[in-house]
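Grab a pencil and work through these exercises with the structure open beside you. Try each task before you read its solution.

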Amino acid sequence: MFTEPVQSRAERRQLSRGKVLAAAERLFRERGFDATTVRQIAAEAGLSAGSVMAVGDKHGLLVAIFDGWIDAMHRERDRARSEQPLADAVDDVIALAEPFFDYFVLDRELSREYAATIVRGRHDSAIFQNLRLTLIGEIQQVLSRAGHDEDRAGRAARSIYFAYLGILMTMSNGTLPDDVGREQFRDVVSLIVNRPEE
């Protein structure tokens with residue numbers, strides 16, 4: 001008896017959240033992050049400013065947009081993952097990170113703002129939580145299938161992840177050109193993956 005209205009409210013809340021995030025992303029990309037206001041996002045979404053703030057402030061919305069895209073990418077890859085043996089572990093690890101590098105260079109201003117927001121630590125980001133574990137797991141799986149023992153694959157995957165995150169954030173900041181960052185990431189992956197067993 002009481003579950004139907006609760007579900008309906010939850011569904012409306014989720015629909016409003018989707019509208020807010022879609023409107024915020026459109027405006028951030030068209031007008032820029034700094035030039036976009038919560039009122040403009042509300043008008044674009046057809047909701048009140050209070051409804052927008054229930055989802056998050058501007059920085060919280062930006063984190064949710066990036067984290068949502070990253071999560072969707074992982075889910076899509078999880079569905080398409082193959083258990084076939086790998087031809088080259090370095091190339092396969094690079095391929096895991098490539099879409100994220102592409103997304104972050106798509107709009108440098110937004111990427112820079114996202115990086116600054118998560119570094120400030122005022123907004124939780126899934127990139128440091130469950131999405132971190134997902135990417136580390138994907139890298140570890142590639143390395144295990146390439147013949148690395150479980151312990152080494154786990155340590156190597158964590159090392160590669162932290163190198164990836166550092167390079168991604170530095171590229172977002174604009175201090176490392178895209179091509180140089182990608183080449184440095186390839187160097188790191190190659191050094192870690194091809195390092196002799198200890």
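A residue is called buried when its relative accessible area is under 20%, exposed when that area is over 50%, and partly exposed in between. Keep in mind that you're looking at a predicted model.

**Exercise 1. Get your bearings**

Task: Find out how many helices and strands the protein chain has, and what share of its residues is buried.

Solution: Start with the elements. The chain has 9 helices and 0 strands, so reading from the N terminus gives you α-α-α-α-α-α-α-α-α. Next, look at burial: of the 198 residues, 40% are buried. Then turn to the outside, where the accessible surface is about 10,900 Å² and carbon and sulfur atoms account for 51% of it. Finally, check how the chain folds back on itself. Take the contacts between residues at least 6 apart in sequence: 72% of them join residues at least 24 apart.

**Exercise 2. Place one serine**

Task: Work out where Ser16 sits and whether it is buried, partly exposed or exposed.

Solution: First, locate Ser16 in helix α1, which covers residues 3-31. Second, take its relative accessible area, 23%. Buried would need a value under 20%, so Ser16 counts as partly exposed. Third, pick a partner further along: Val52 is 36 residues away along the chain, yet the C-alpha atoms of Ser16 and Val52 are separated by 8.3 Å.

**Exercise 3. Look inside**

Task: Find the number of residues in the largest nonpolar core and the element that gives the largest share of them.

Solution: Here's the background: in soluble globular proteins, nonpolar side chains tend to be buried together. In this model the largest such core holds 57 residues, and those with the most contacts inside it are Phe28, Ile41, Tyr114, Leu143, Ile160, Tyr164 and Phe185. Now ask which elements contribute two or more residues: they are α1, α2 (38-45), α4 (58-80), α5 (89-106), α6 (108-120), α7 (130-145), α8 (150-172) and α9 (178-193). The largest share, 11 residues, comes from α8.

**Exercise 4. Follow the charges**

Task: For the salt bridges Asp107 to Arg29, Arg186 to Asp91 and Asp102 to Arg182, say which parts of the chain are linked.

Solution: The idea is simple: side chains of opposite charge can pair when their charged atoms come close. The cut-off is 4 Å between a side-chain nitrogen of Lys or Arg and a carboxyl oxygen of Asp or Glu. The count comes to 9 salt bridges, and you need three of them.

1. Asp107 and Arg29 meet at 3.7 Å, N to O. Asp107 is in the loop between α5 and α6 while Arg29 is in helix α1, so the bridge ties together parts 78 residues apart in sequence. Asp107 counts as buried at 16% relative accessibility, whereas Arg29, at 28%, counts as partly exposed.
2. Arg186 and Asp91 have their closest N and O atoms 3.0 Å apart. Arg186 belongs to helix α9 and Asp91 to helix α5, with their positions 95 residues apart in the chain. Arg186 has 30% relative accessibility, so it counts as partly exposed. Asp91, at 38%, is partly exposed too.
3. Asp102 and Arg182 meet at 2.6 Å, N to O. Because Asp102 lies in helix α5 and Arg182 in helix α9, this pair ties together parts 80 residues apart in sequence. Asp102 is partly exposed at 40%, but Arg182 is buried at 19%.

One last step: look around Asp102 and Arg182. These two are in a network of salt bridges with Glu98 and Asp178.

**Exercise 5. Sort the rings**

Task: Decide how the ring planes are arranged in the pair Phe28 and Phe33 and in the pair Tyr103 and Phe104.

Solution: A pair of aromatic rings is described by the distance of the centres and the angle of the planes. The whole structure has 14 aromatic pairs. For Phe28 and Phe33, the centres are 4.9 Å apart and the planes make 50 degrees, a tilted pair. Both Phe28 and Phe33 are buried. For Tyr103 and Phe104, the values are 6.5 Å and 75 degrees, an edge-to-face pair. Tyr103 and Phe104 are buried as well, and they belong to one aromatic cluster whose members include Trp69, Tyr114 and Phe185. To finish, go back to Phe33: Lys58 lies over the face of its ring, 4.5 Å from the centre.

Conventions
Residues numbered from 1 in each chain as written. Predicted model: local features only at pLDDT ≥ 70, side-chain atom pairs only at ≥ 80, totals over all residues. Heavy atoms only, no water. Helix = DSSP H or I, 4+ residues; strand = E, 2+ residues; numbered from the N terminus. Buried < 20%, exposed > 50% of the residue type's maximum accessible area, 1.4 Å probe, protein only. Core = buried A, V, L, I, M, F, W, Y, C linked by side-chain atoms within 4.5 Å. Contact = heavy atoms within 4.5 Å. Areas by Shrake-Rupley, 256 points an atom, 1.4 Å probe, with all protein chains shown as cover. Phe/Tyr/Trp six-rings, centres within 6.5 Å; stacked < 30°, edge-to-face > 60°. Lys NZ or Arg CZ within 6 Å of the ring centre and 35° of its normal.
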